[in-house]
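Here are a few notes to read alongside the model. They go through the DNA contacts and then the way the two copies are arranged.

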2 protein chains.
Amino acid sequence: MPYDPSDYPPFAVTVDLVVLTVRRHALCALTVRRGEQPFQGRWALPGGFVRQDEDLSQAAARELAEETGLTAHEPSAPAQDNGAHLEQLATYGDPKRDPRMRVVSVAHLALAPDLPAPRPGGDANSARWAPVEELLDQGGYGRDGEPVALLAFDHAQILADGVERARSKIEYSSLATAFCPPEFTVGELRRVYEAVWGVALDPRNFHRKVTGTPGFLVPTGGTTTRQGGRPAQLFRAGGATLLNPPMLRPEV
Amino acid sequence: MPYDPSDYPPFAVTVDLVVLTVRRHALCALTVRRGEQPFQGRWALPGGFVRQDEDLSQAAARELAEETGLTAHEPSAPAQDNGAHLEQLATYGDPKRDPRMRVVSVAHLALAPDLPAPRPGGDANSARWAPVEELLDQGGYGRDGEPVALLAFDHAQILADGVERARSKIEYSSLATAFCPPEFTVGELRRVYEAVWGVALDPRNFHRKVTGTPGFLVPTGGTTTRQGGRPAQLFRAGGATLLNPPMLRPEV
DNA sequence: AGTGTTTATCGTCAGGCAGACGACTATGAT
DNA sequence: ATCATAGTCGTCTGCCTGACGATAAACACT
């Protein structure tokens, strides 16, 4: 297959972001309102064009910073500072996915703690955290009675893929800590799992499991009572990234 | 971030293929010899440009058919006919990955049985199955004494990612059957796991595990003796795609 | 101060599964 | 006939999980 570098079909390449967080016991995704056609006025995932001189991961990190102020770290490093976890998700290139032209979008998945920077997009009117349940439950109505239309383009599919990635990845990795602040309790981590999976977990078995897995949690020595009830130990994420044996997601 | 559809940085988009099979107890990848600059004469992964009117998965399936004659089926469907498993792997877009221009490559992973069509590329001189161990063991020498140079472009990284995907995915899915012919024995399936993981497995525990997992294997009623020794039952891949609990890869 | 509520943490027990490994079976090779 | 090879069935032990009882330490009442 010889090919001429000067004779190839031109594409536009974008990055789209699935930014997830846990708010009020619900898994939420960052959405922005579109200002132009097509899908004007509809909600969409944040994203933008990849520039000529930047890598895909750089473009994703740049878009994430522009939309949330979060800085990203690589998938290999555990979440130690306030940055968000960022990893490539998948690439979407259906010829008809953008009616204007041929656009290939490299979707990325970002996991962030709840509101380290409470300004999604700077313009609060054009960006919001929406429960993924509402976004994926096609044609429902939001809490404010506003009809929740389908996301623009193929973003509902991208979001669904990102949510599924997050749900499965917290099973066998310590990624759930990316949803937590730098210091957190076992109960807070459990509520993350419960929100992402949409199930209730036994607090006693969960506590045994996460504290018994070497390298998962490192006690900081402090305690907190911010959840009410008996004070709980504070932990940081340990160095382990892969959990073996994994957390088991209850079936059904 | 308003953007003008007529004003965007143009990219070339390609698909590259990591085609894996198991030959002679070794995990092998399909490589082709490059005829042009850059990296002329070096081995590379098969691939090519995405056409203006085709989807990414279509482009990958087309390239796979051109190089091997295999037809692909979707990741959701289990391998029932002679086709190969094909799924998207990841996308590589470093600005310098191709010295000539900005190329974004959407890599795909294909798993095929050993030689259903023994013509890799039609031109036997320009394509070959190479053990991934040689390809990833940088700077070694092949069986014929020829120095095994690094793969062209970033293809060593792409191959490593594809191999890692395959290694982890056969843990929790029935994907290992994609390396087997339509009918196979438990022992043949075990040798697939051993080749992909590079470990030895206990035949008795393996047999108990795979025959005891509902939906993994369906007996055809026939037996074979092609491996020597006592005749073995023949199986087809069952409908189950996810194994729960998963196969456990021995550590270290 | 006492009582109830909430959350955290420790313990116990039974069932399931995996690793180690013995035993037996059915072929082909010598 | 004997051996080598590969397949198949069992047994046993240890670990992990799910179910769930019990205790501990805070706060909000009255």
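1. A term to start with: a polar contact here is a pair of N or O atoms within 3.5 Å. Keep in mind, too, that this is a predicted model.

2. Now for the phosphates of DNA strand C. A:Arg190 puts a polar side-chain atom 3.3 Å from a phosphate oxygen of that strand. With A:Gln233 it is a polar backbone atom that sits 3.0 Å from a phosphate oxygen of DNA strand C.

3. Chain B has a base contact to look at: a base oxygen of DNA strand C lies 3.1 Å from a polar side-chain atom of B:Arg230. As for elements, two or more residues each come to the surface near DNA strand C from helix 4 (186–197), helix 5 (203–212) and strand 10 (232–237) of chain A, and from helix 5 (203–212) of chain B. Helix 5 of chain B gives the most, with four residues.

4. Zooming out, DNA strand C is surrounded by 24 residues, and the closest include A:Arg204 and B:Arg204. Sorted by class, the surface near the strand has ten charged, nine polar and five nonpolar residues. On the DNA side, sugar or phosphate accounts for 55% of the strand C atoms within 4 Å of the protein, and bases for the rest.

5. How do the two protein chains relate? Chain A superposes on chain B by a rotation of 180° with 0.0 Å of shift along its axis, at an RMSD of 0.1 Å. The two copies are therefore related as by a two-fold rotation axis.

6. Last, the interface: 100% of the interface residues of chain A are interface residues in chain B as well, so the copies meet through the same surface.

Technical notes
Residues are numbered from 1 along each chain as its sequence is written. Chains are lettered from A and ligands numbered from 1 in the order in which they are written. This is a predicted model: local features need pLDDT of at least 70, side-chain atom pairs count only at pLDDT 80 or more; totals for chains, interfaces and linings use all residues. Side-chain values use heavy atoms; hydrogens and water are left out. A residue is near a molecule or strand if one of its heavy atoms lies within 4 Å of it. A polar contact is a pair of N or O atoms within 3.5 Å; within protein, one must be able to donate a hydrogen and the other to accept it, and residues adjacent in sequence count only if both atoms are side-chain atoms. Ala, Val, Leu, Ile, Met, Phe, Trp, Tyr, Cys and Pro count as nonpolar, Asp, Glu, Lys and Arg as charged, and the others, Gly among them, as polar. Copies are superposed by least squares on the C-alpha atoms of residues with pLDDT of at least 70 in both. Contact means heavy atoms within 4.5 Å.
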